[in-house]
Amino acid sequence: MKILIVQMLRMGDIVLSTPVISGLMKKYPNVEIHFLVNRECQRIFKLVPDVAKVHLFDRNELQESIAHSDRSFFEAFNRLDHLIEDLNAENFDLMINLTHNKLSGYFCGEINATEKLGLNIKGDVVEFGSAWFQFLNEYGSDDGEECFHYADIYYKGSLLEGRTEKFLLSEDEGAQNNVISRFSGIQDLILVQAFTSDAKKNYGVKNWLQFARSLHSVYSHGTLVFVGAPNEESELENIVHTLIAEGISAVKYICSIPELYSLLKISRVLVTGDTLTKHMAVAAEVPVIELALGSSRPSQTAAFDQSSIVVQPNVLCSPCGHSEQCFRTFHACANSIDPYAVALLTVYRMLEDWENIFQLASETQDKMKISTTNLLDGPVWYKVPVQDVFSEKSVAFWISKVSWSLFLNSRDTAGFFEIGTETYKLHKVLSYRYSDIDSSDWKYMYEQLRRIYESCEEQISLCLSELRSIAHKYEEANIANEMSIKLMKIRREFQGFPFMETYLHSLDDILEDNISSSFVRFRRIIEVLKVLRERLIIESKVTKSLVSRVEESHGREI
């Protein structure tokens with residue numbers, strides 16, 4: 001079995017892909033795994049095990065050849081053609097595209113493989129191979145809590161069963177020796193990745209200095225290690241020089257990617273806003289304090305582990321778009337996160353002092369949102385607010401995640417899904433999280449949500465029936481207007497219900513579509529409403545099963 005994984009984004013995304021490698025190794029014992037990546041990401045593979053061959057896509061060189069008039073007009077085309085020929089000579093049995101942009105889709109359309117998963121574009125035909133990858137296409141840009149972590153989407157979209165595997169990297173012996181030599185005898189290493197490649201995600205030198213001073217005031221035993229790339233050396237030197245002059249133990253370490261991983265392995269905690277470092281920390285099993293600034297979307301990219309901390313600014317413009325310039329004259333999201341609070345979180349997480357973490361979340365909720373990562377309590381990864389109080393919205397959040405997962409799995413397994421096992425685990429988790437809630441309140445909550453889901457499903461079914469009755473007249477202007485009115489009515493009905501964001505976004509996309517033809521728009525309406533109905537049916541079944549769980553538990557107690 002020979003498999004090509006296409007991951008043409010950044011190094012952090014390659015680390016996110018390592019669970020897929022582990023899953024494929026288990027599913028196909030004699031598998032040979034190849035990767036297609038951007039050339040600048042090649043160095044991460046010193047740490048990635050079980051990859052037989054890495055193929056390089058030289059995007060920068062292609063852009064250079066197109067931009068310069070003294071280069072052959074056909075140079076870029078010939079480069080791509082030769083790469084495709086080399087890949088097709090491998091005769092892959094399976095190709096998995098984890099990149100999910102148009103460039104990768106068209107490229108994968110030219111690669112020969114017996115089976116293809118992920119975005120694949122050939123002519124006018126667009127295929128995904130899995131409902132999970134289609135979900136990524138339709139909802140991947142959303143920033144709501146209903147979104148799945150990319151690691152889960154990659155794993156389940158690759159048709160791998162069970163819970164997503166852990167991130168897996170292996171140490172480089174030379175890098176390990178360098179780190180041991182440099183930090184021998186120094187204990188309680190607290191790593192700080194102060195800068196990122198995106199200015200909007202930077203916390204700022206002033207805030208980092210205040211963080212270090214605050215940390216020293218409450219925990220003077222540790223040594224702050226500010227890590228970075230060569231282009232960050234000057235700024236890091238200034239930070240460290242200032243702190244040492246104030247009697248604070250701090251060092252600067254400009255390191256390679258393999259050295260960074262070895263350093264993470266011997267550290268107590270990582271404080272960062274950087275994506276790659278955060279994912280490497282997960283592989284090194286080091287807890288992360290993530291400052292989710294700028295365009296960060298932690299519901300999709302936070303530390304894929306148990307009990308790391310995510311700090312998000314409580315400002316209206318967060319998160320912003322990846323390519324958007326910050327419109328403010330000051331860095332509002334960074335300024336809303338108190339350095340002293342970050343220092344306390346760092347110490348509390350090292351000491352596993354969750355009681356004080358909960359208290360701090362309560363005290364700072366006006367300025368920032370503090371969440372924990374959760375990998376063990378369900379079929380997929382979750383990010384859960386520390387101040388997670390029992391409410392219709394909080395319970396609906398868990399039900400929504402499980403139902404979405406069941407729905408997507410059912411589409412990849414021809415309609416089969418197992419509700420009983422998932423609802424057993426879900427009720428067990430919820431009962432633990434909200435341990436002071438008695439069985440009568442649980443039953444009331446589940447039945448209340450079931451009534452909501454069933455009511456929504458009835459409305460969707462009625463709308464679908466009405467739309468099908470006018471299918472032969474969809475091009476008429478008054479019919480198109482009638483369809484819009486029906487959708488707007490449903491949207492208003494859904495607006496007050498918990499965790500309906502993805503539904504609302506789907507309806508908004510259709511209502512705002514004034515470009516597509518009448519036929520395409522009508523088909524989109526029907527397809528979106530069918531998906532909504534299917535999901536609501538599953539959510540109704542899940543809540544009905546949860547009621548049975550409560551009744552069984554109450555019966556055993558009696």
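At what angle do the axes of helix H9 (residues 205–218) and H15 cross, and within what distance do they come? Load the predicted model and select these two helices to find out. The axes cross at roughly 50 degrees and come within 8 Å.

**Stop 1: H9 and H15**

With both helices displayed, look along the line that joins them. An angle between 35 and 65 degrees falls outside the parallel and perpendicular classes, and H9 and H15 are therefore oblique to each other. Their crossing is right-handed. Now show side chains. From H9, select Asn207, Gln210, Phe211, Ser214, Leu215, Ser217 and Val218; they meet Pro339, Tyr340, Val342, Ala343, Leu344, Thr346 and Val347 of H15. Coloured by type, the residues of this contact come out as nine nonpolar, five polar and no charged.

Continue past the end of H15, which spans 339–350, into the loop that leads to helix H16 (354–363). Select Glu352, which lies in this loop. Its phi is positive, about 55 degrees, although the residue is not a glycine. Is Glu352 buried or exposed? Its relative accessibility is 55%, above the 50% cut-off, so Glu352 counts as exposed.

A second residue of this kind is Asp188, in the loop between H8 and strand S8 (189–193). Asp188 is not a glycine either, and has a positive phi of about 55 degrees.

**Stop 2: H17 and H19**

Select residues 392–412 for helix H17 and residues 439–469 for helix H19. Here the packing angle is about 70 degrees, and the axes are 11 Å apart. H17 and H19 are therefore roughly perpendicular to each other. The crossing of this pair is right-handed.

Which residues of H17 take part in the contact with H19? They are Glu392, Val395, Ala396 and Ile399. On the H19 side, select Trp442, Met445, Tyr446, Gln448, Leu449, Ile452 and Tyr453. This contact divides into nine nonpolar residues, one polar and one charged.

**Stop 3: aromatic rings**

Switch to a display of Phe, Tyr and Trp side chains. How many aromatic pairs does a search of the whole structure find? The search gives 17.

Zoom in on Phe167 and Phe304, a stacked pair with 5.6 Å from centre to centre and 5 degrees between the planes. Phe167 sits in the loop between helix H7 (150–157) and helix H8 (173–183), while Phe304 sits in the loop between helix H13 (298–301) and strand S13 (309–313); the pair therefore ties together parts that are 137 residues apart in sequence. Phe167 and Phe304 are both buried.

For a larger group of rings, select Trp132, Phe135, Phe148, Trp404 and Phe407, which ring pairs link into a cluster.

**Stop 4: Thr301**

Go back to helix H13, where Thr301 is found. The relative accessibility of Thr301 is 16%, and the residue therefore counts as buried. What does Thr301 touch, leaving aside its neighbours within four places in sequence? The contacts are His149, Tyr150, Lys278 and His279. One distance to check in the viewer is that between the C-alpha atoms of Thr301 and His279: 8.7 Å, for residues 22 apart along the chain.

**Stop 5: two covered helices**

Select helix H2 (residues 18–27). Seven of its 10 residues are buried, so H2 is largely enclosed by the rest of the structure. The buried residues are Thr18, Pro19, Val20, Ile21, Ser22, Gly23 and Leu24. To see what surrounds them, add strand S1 (2–6), helix H1 (11–16), strand S2 (32–38), strand S4 (92–97) and H7, against which these buried residues pack.

Then select helix H11 (residues 257–265), which is mostly covered, with eight of its nine residues buried. These eight are Ile257, Pro258, Glu259, Leu260, Tyr261, Ser262, Leu263 and Leu264.

**Last stop: the whole chain**

Zoom out and colour by secondary structure: the chain has 22 helices and 15 strands. Switch the colouring to accessibility, and 54% of the 558 residues count as buried. A contact map completes the view. Among contacts between residues at least 6 apart in sequence, 67% join residues at least 24 apart.

Technical notes: Residues numbered from 1 in each chain as written. Predicted model: local features only at pLDDT ≥ 70, side-chain atom pairs only at ≥ 80, totals over all residues. Heavy atoms only, no water. Axes fitted to C-alpha atoms, helices over the stretch in contact; angles between N-to-C directions. Helix = DSSP H or I, 4+ residues; strand = E, 2+ residues; numbered from the N terminus. Parallel < 35°, antiparallel > 145°, perpendicular 65-115°, else oblique. Left-handed = near helix turned anticlockwise from the far one by under 90°. Contact = heavy atoms within 4.5 Å. Nonpolar A, V, L, I, M, F, W, Y, C, P; charged D, E, K, R; others polar. Phe/Tyr/Trp six-rings, centres within 6.5 Å; stacked < 30°, edge-to-face > 60°. Buried < 20%, exposed > 50% of the residue type's maximum accessible area, 1.4 Å probe, protein only.
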